[in-house]
Amino acid sequence: MKKSLGAFLGVVMLAGCQADINSNQYATSSVGRANAASECSVLSVRPVSVKTENGLGTIIGSVAGGVAGYSIGSGSTAHNLGAIGGAVLGGMAGNAAQGALSSQGGYEYVVKLNNGQVMTLTQGSDTLLTPGQRCMLLFGNPARLIAY
């Protein structure tokens, strides 16, 4: 029971590890850096789901499942088979839990720069820009699209 609770808490902690895709959130390393910017207009916008891709849910689930599975039965064969089965099932459960816990809403924008170039950008759902709206594409890491 304690092992299962530990595995569950480990996967729940993954939710806190997800990247913040909010367009108004900056890392301290971005402060004081100048980036290129281009005027543009929004051609289209659609809602998207953004998921974290770090694989920690699978790893934590596999380890926890393997440890829990090892405690099943008696004898080395039962322990080994339990550990293998537990690791596989735990990895699948951890991967599913991470996907559910780390999914964030966002928008994919198609924009047309003033020079005629068309680009796409996906960012968080904190700000919604609409088709036809004038905006500014800020190049950087990450790039951002803001109202102009």
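**Exercise 1. The fold along the sequence**

Which pattern does the protein chain follow, read along the sequence? Work it out from the predicted model shown above.

*Solution.*
- Step 1: Count the elements. The protein chain has three helices and five strands.
- Step 2: Put them in order. Read along the sequence, they give α-β-α-α-β-β-β-β.

**Exercise 2. The sheet**

Find the order of the strands in the open sheet, and say which strands stand at its edges.

*Solution.*
- Step 1: Follow the pairing across the sheet. The five strands lie in the order β3-β2-β1-β4-β5, with antiparallel pairing.
- Step 2: Look at the ends of that order. β3 and β5 (144-147) each have a single partner strand, so one side of each is left without a neighbour in the sheet.
- Step 3: Add the twist, which averages 40° from one strand to the next.

**Exercise 3. The hairpin of β2 and β3**

How many bridges join β2 and β3, and which residue between the strands takes a positive phi?

*Solution.*
- Step 1: Take the pairing. β2 and strand β3 (residues 118-124) run antiparallel, with seven bridges between them.
- Step 2: Pick out partners. Y109 has L121 in β3 as its bridge partner, and K112 stands opposite V118 in β3.
- Step 3: Go to the turn. Four residues lie between the two strands of this hairpin, and G116 has a positive phi near 95°.

**Exercise 4. Salt bridges**

Locate the two salt bridges and say which strands they link.

*Solution.*
- Step 1: Start with R134 and E39, whose side chains form a salt bridge at 3.4 Å, N to O. This pair links distant parts of the chain, with R134 in strand β4 (residues 134-138), E39 in strand β1 (residues 37-50), and their positions 95 residues apart.
- Step 2: Check how open the two residues are. R134 has 34% relative accessibility and E39 has 31%. R134 therefore counts as partly exposed, and so does E39.
- Step 3: Turn to E108 and R46. Their closest N and O atoms are 2.5 Å apart. Here, too, distant parts of the chain are linked: E108 belongs to strand β2 (residues 104-113) and R46 to strand β1, 62 residues apart.
- Step 4: Repeat the accessibility check. E108, at 22%, is partly exposed, and R46, at 46%, is also partly exposed.

**Exercise 5. Two cysteines without a bond**

Why does the pair C40 and C135 not count as a disulfide?

*Solution.*
- Step 1: Recall the chemistry. A disulfide is a covalent bond between the sulfur atoms of two cysteines.
- Step 2: Compare with the cut-off. The two sulfur atoms would have to lie within 2.5 Å.
- Step 3: Read the distance. The sulfur of C40 is 3.3 Å from that of C135, its closest cysteine sulfur, which is too far for a bond. Starting from C135, the closest cysteine sulfur is that of C40.
- Step 4: Look at the surroundings. C40 is buried at 0% relative accessible area, and C135 is likewise buried at 0%.
- Step 5: State the total, which is zero disulfides in the structure.

**Exercise 6. The chain as a whole**

What share of the residues is buried, and what share of the accessible surface belongs to carbon and sulfur atoms?

*Solution.*
- Step 1: Take burial. Of the 148 residues in the protein chain, 27% are buried.
- Step 2: Take the surface. The accessible surface comes to about 9000 Å², and carbon and sulfur atoms hold 61% of that.
- Step 3: Finish with contacts. Among contacts with a separation of 6 or more, 67% join residues 24 or more positions apart.

Conventions: Residues numbered from 1 in each chain as written. Predicted model: local features only at pLDDT ≥ 70, side-chain atom pairs only at ≥ 80, totals over all residues. Heavy atoms only, no water. Salt bridge = Lys/Arg side-chain N within 4 Å of Asp/Glu carboxyl O. Buried < 20%, exposed > 50% of the residue type's maximum accessible area, 1.4 Å probe, protein only. Pairing = 2+ DSSP bridges. Contact = heavy atoms within 4.5 Å. Areas by Shrake-Rupley, 256 points an atom, 1.4 Å probe, with all protein chains shown as cover. Axes fitted to C-alpha atoms, helices over the stretch in contact; angles between N-to-C directions.
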